[in-house]
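Reader: I am new to this structure and would like a guided tour. Could we start with the ligand and then turn to the sheets?

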Amino acid sequence: MNKNTKIYIAGHKGMVGSAIWRTLSENGFSNLIGASSKELDLRNQQAVRDFIKKENPEVIIDAAARVGGILANNDFPYQFIMENMQIQNNLIDSALQNDVDKFIFLGSSCIYPKLAPQPLKEEYLLTDTLEPTNEWYAIAKITGVKTCQAIRNQFGKDYVSLMPTNLYGTYDNFDLNTSHVLPAMIRKFHEAKENNHAPVTLWGSGLPMREFLFVDDMAKAVVFALENKLPDYLYNVGTGEDLTIKELAEIIQEITGHKGEIIWDSTKPDGTPRKLMDVSKMHELGWKHQVDLKEGIQKTYNWFLENTENFKQVKLK
Ligand SMILES: NC(=O)c1ccc[n+]([C@@H]2O[C@H](COP(=O)([O-])OP(=O)(O)OC[C@H]3O[C@@H](n4cnc5c(N)ncnc54)[C@H](OP(=O)(O)O)[C@@H]3O)[C@@H](O)[C@H]2O)c1
């Protein structure tokens with residue numbers, strides 16, 4: 001792909017979008033555009049149509065969404081289903097109306113059925129019921145994947161969905177009300193260490209198994225999908241390796257240097273028992289992750305320490 005290709009990254013100030021922007025720049029792509037939610041509210045159909053028409057990008061990467069953990073999904077079901085559908089519908093439809101040839105949509109491993117066989121293959125999508133704690137987000141995201149597939153089938157355009165596993169890394173969200181498990185643990189262990197190694201209370205039993213991918217590796221998968229016309233409509237992106245939440249907590253405890261007790265609050269929900277991606281489709285095409293979990297957590301913790309004062313609202317430099 002020509003390095004001057006005009007690429008619009010929706011959500012370029014988020015954790016994933018900023019990693020995609022960084023990685024594309026490092027790979028020599030020089031014609032990147034973005035707009036913050038203040039500049040362009042992607043829920044506003046007319047505003048999105050006008051923006052795409054005016055900017056006329058050749059490629060759109062959709063890394064914009066309302067995201068969050070179990071707590072946020074549970075408290076704001078309407079926002080999770082409606083805003084995500086609005087954002088993706090406005091972007092995908094405007095892309096089609098404006099004859100944008102390539103669109104990369106980001107799904108998520110949590111949109112597979114709750115009790116799907118493990119590891120999760122792409123073909124398991126829509127084969128059973130969803131995890132109730134995040135079904136609002138999942139239904140919206142499934143709609144996005146299927147809309148891109150419909151365009152692919154009907155118009156022959158390269159609209160493809162990547163399904164990332166749990167991501168973490170620089171510019172992660174460390175706000176305990178809305179964060180995912182890994183950054184939440186980093187913050188909790190760090191603050192407990194600062195507080196004379198006070199005990200850390202974590203949600204659930206610690207037994208569920210999860211897979212984590214460093215966000216820069218995810219961004220490299222997006223670059224891979226950009227530079228290659230992937231033959232299918234849907235690809236899992238992960239490491240293909242998982243661990244228990246308890247094992248994750250022990251790694252983070254060691255990296256942060258916390259020496260206190262860990263208390264598991266079993267009155268809180270565990271979520272899906274296991275969520276591991278089968279990443280063989282991407283491996284066969286030639287993409288594989290490069291950063292292992294301990295290295296990625298260390299990098300994330302270093303970034304957290306450098307940004308402790310303002311990590312809730314870090315802006316891109
Ligand atoms: N994080 C994960 O573990 C994970 C895992 C699987 C899939 N994904 C997918 O990756 C994508 C990005 O996630 P993330 O973790 O990077 O989330 P994030 O850090 O919260 O970033 C989300 C971005 O979406 C933008 N956005 C949200 N609502 C918007 C609106 N109404 N108008 C315009 N922009 C809006 C935000 O813009 P502003 O910053 O300008 O407000 C922000 O840049 C999502 O599609 C998510 O489903 C993430």
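Reader: Which elements each supply at least two residues of the shell around the ligand?

Author: Happy to help! This is a predicted model, in which local features need pLDDT of at least 70 and side-chain atom pairs count only at pLDDT 80 or more, while totals for chains, interfaces and linings use all residues. Residues are numbered from 1 along each chain as its sequence is written, and side-chain values use heavy atoms, with hydrogens and water left out. Helices (H or I, at least four residues) and strands (E, at least two) are DSSP runs numbered from the N terminus, and the elements you ask for are α1 (15-26), α5 (135-155) and β6 (166-168).

Reader: How many residues surround the ligand, and which are the closest?

Author: A residue counts here if one of its heavy atoms lies within 4 Å of the ligand. The shell divides into 13 nonpolar, nine polar and four charged residues; Ala, Val, Leu, Ile, Met, Phe, Trp, Tyr, Cys and Pro count as nonpolar, Asp, Glu, Lys and Arg as charged, and the others, Gly among them, as polar. In total 26 residues surround the ligand, the closest being Val-16, Ser-37, Tyr-137, Lys-141 and Leu-167.

Reader: How far from an oxygen atom of the ligand does a polar side-chain atom of Ser-37 lie?

Author: Backbone atoms also approach ligand oxygens: a polar one of Val-16 at 2.7 Å, and an N or O atom of Ala-65 at 3.3 Å. For the polar side-chain atom of Ser-37, the distance to a ligand oxygen is 2.6 Å.

Reader: What share of the ligand's exposed area does the protein bury?

Author: Accessible areas come from the Shrake-Rupley method with a 1.4 Å probe. Taken alone, the ligand exposes 890 Å², and the share buried by the protein is 84%.

Reader: Which strands are the edges of the six-stranded open sheet?

Author: Two strands pair if DSSP finds at least two bridges between them. The order is β2-β1-β3-β4-β5-β10, with parallel pairing. Within this sheet, five bridges join β4 (residues 102-106) to β5 (residues 158-164), and Ile-104 stands opposite Val-160 in β5. The strands that pair on one side only are β2 (32-33) and β10 (234-237).

Reader: Which residue in β11 stands opposite Arg-210?

Author: Here we meet another open sheet, with three strands in the order β11-β8-β13 and mixed pairing. Strand β8 (residues 209-210) runs antiparallel to β11, joined by two bridges. Opposite Arg-210 stands Leu-243.

Conventions. A polar contact is a pair of N or O atoms within 3.5 Å; within protein, one must be able to donate a hydrogen and the other to accept it, and residues adjacent in sequence count only if both atoms are side-chain atoms.
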